[in-house]
Amino acid sequence: MQGLINGRSYCGSSTSNGHVYRHTTVGRSVHLSGQQNGVTFGGFEWRRMMSSAPASMEKKPLEKKEKKENSVTEEKKGKEVSSSSYWGISRPKITREDGTYWPWNCFMPWETYRADVSIDLKKHHVPKNFLDKLAYRTVKLLRIPMDLFFQRRYGCHAMMLETVAAVPGMVGGMLLHLRSLRKFQQSGGWIKALLEEAENERMHLMTMVELVKPKWYERLLVLTVQGVFFNAFFVLYVLSPKLAHRFVGYLEEEAVYSYTEYLTEVESGAIENVPAPAIAIDYWRLPKDATLKDVLTVIRADEAHHRDVNHFASDIQFQGKELREAPAPLGYH
């Protein structure tokens with residue numbers, strides 16, 4: 001049952017002599033529609049002149065609640081079937097390897113992976129020229145206000161970091177996409193590689209949000225930082241892609257360092273090693289009993305891979321070549 005009677009919802013359905021009726025009362029109006037032998041007939045609306053509900057509609061609260069839930073469920077199923085059949089699009093039944101239902105729409109089982117945690121975390125690109133030094137010092141300068149603001153709140157710091165780190169891949173992929181269309185050229189796989197990076201960073205954020213509940217002023221800070229950073233990085237990538245990739249490479253180096261600090265706090269017991277969110281367990285194919293430590297370990301490994309990809313992209317362009325001339329590291333998280 002669902003609808004509205006004197007300020008409350010009400011809806012119902014009834015069956016009589018093979019006829020199926022669905023009626024809805026909204027405020028003081030009643031809508032009746034039905035189906036006979038599979039043929040749907042029209043409905044009409046009746047304006048009630050009285051504000052009181054008829055006795056037939058006065059049901060016990062428990063019975064009313066059960067009928068309401070059943071009606072809502074049937075209505076949702078009906079809408080889904082109707083929409084799918086009209087457009088010819090429907091979500092196939094997807095299960096995990098163990099046969100259980102796959103609950104996520106934001107990523108599919110074939111997009112999951114096991115992170116390569118054996119990657120060298122200590123790699124560092126030594127600045128060699130003016131642009132390298134500019135990128136390196138800019139990143140170091142930007143870290144100062146972040147450290148002062150978040151201090152030892154590593155979870156909130158990581159959340160803010162991911163809102164920024166997910167921008168460069170999207171901007172770079174978008175601009176390479178437009179360049180490919182404009183010049184009728186292949187991208188060498190770099191469009192997909194950069195968009196994969198952006199999606200991977202976004203999944204980091206979705207995981208961190210499950211672990212850390214941002215306060216209102218932190219959400220406001222995210223809006224401000226994202227607006228400024230997106231436009232600034234867009235201009236930077238248009239003017240100098242090699243500087244943009246070098247900047248991101250150094251940004252990822254700082255991300256590796258930040259997650260290492262976070263992990264140290266967890267291992268020392270200063271931060272509780274809570275169970276891993278369900279989304280992280282499925283995305284990185286972690287064990288069912290995975291913890292925060294396991295999540296931070298795989299995220300740090302991802303950041304190290306992004307570091308290598310962006311320094312590699314910058315090196316290609318510093319050699320006077322285009323990205324499409326070198327194969328993109330697809331699937332290299």
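Of the 333 residues in the protein chain, 39% are buried. Keep in mind as you look around that this is a predicted model. The secondary structure amounts to eight helices and four strands, and their order along the sequence is easy to follow: the pattern reads β-β-β-β-α-α-α-α-α-α-α-α. Contacts across the chain are worth a glance too. Taking those between residues at least 6 apart in sequence, 64% join residues at least 24 apart.

Let's start with helix α8, which covers residues 292-318. With 27 residues at 1.5 Å a residue, α8 should span 39 Å, and its end C-alpha atoms are indeed 39 Å apart, so the expected and modelled spans agree. Where does α8 sit relative to the rest of the structure? Because 21 of its 27 residues are buried, α8 is largely enclosed by the rest of the structure. After α8 comes Gly320, which has a positive phi, near 85 degrees.

From α8 we can step across to helix α6, residues 241-268, where Arg246 is found. Is Arg246 buried or exposed? Its relative accessibility is 2%, and buried means under 20%, so Arg246 counts as buried. Setting aside neighbours within four places in sequence, Arg246 is in contact with His125, Asp132, Ala135, His311, Ser314, Asp315 and Phe318.

Next, turn to a pair of packed helices. Such a pair is described by the angle between the two axes and the distance between them. Helix α3 (residues 154-183) and helix α4 (residues 190-211) pack at an angle of about 160 degrees, and their axes are 8 Å apart. Angles over 145 degrees count as roughly antiparallel, and α3 and α4 are therefore roughly antiparallel to each other. Their crossing is left-handed. Sorted by class, the residues in the contact of α3 with α4 are 13 nonpolar, eight polar and four charged.

Finally, have a look at the loop between α1 (61-87) and α2 (130-150), which is the place of Thr95. Thr95 has a relative accessible area of 34%, so this residue is partly exposed. Which residues does Thr95 touch, not counting those up to four places away in sequence? They are Thr100, Trp102 and Pro109. For Pro109, 14 residues from Thr95 along the chain, the C-alpha atom is separated from that of Thr95 by 8.1 Å.

Technical notes
Residues are numbered from 1 along each chain as its sequence is written. This is a predicted model: local features need pLDDT of at least 70, side-chain atom pairs count only at pLDDT 80 or more; totals for chains, interfaces and linings use all residues. Side-chain values use heavy atoms; hydrogens and water are left out. Helices (H or I, at least four residues) and strands (E, at least two) are DSSP runs, numbered from the N terminus. The expected span of a helix is 1.5 Å times one less than its number of residues. Buried means under 20% relative accessible area, exposed over 50%, partly exposed in between (1.4 Å probe, protein chains only). Axes are lines fitted to C-alpha atoms, for helices over the stretch in contact, and angles run from 0 to 180 degrees between N-to-C directions. Angles under 35 degrees count as roughly parallel, over 145 as roughly antiparallel, 65 to 115 as roughly perpendicular and the rest as oblique. A crossing is left-handed if the near helix is turned anticlockwise from the far one by less than a right angle, and right-handed if clockwise. Ala, Val, Leu, Ile, Met, Phe, Trp, Tyr, Cys and Pro count as nonpolar, Asp, Glu, Lys and Arg as charged, and the others, Gly among them, as polar. Contact means heavy atoms within 4.5 Å.
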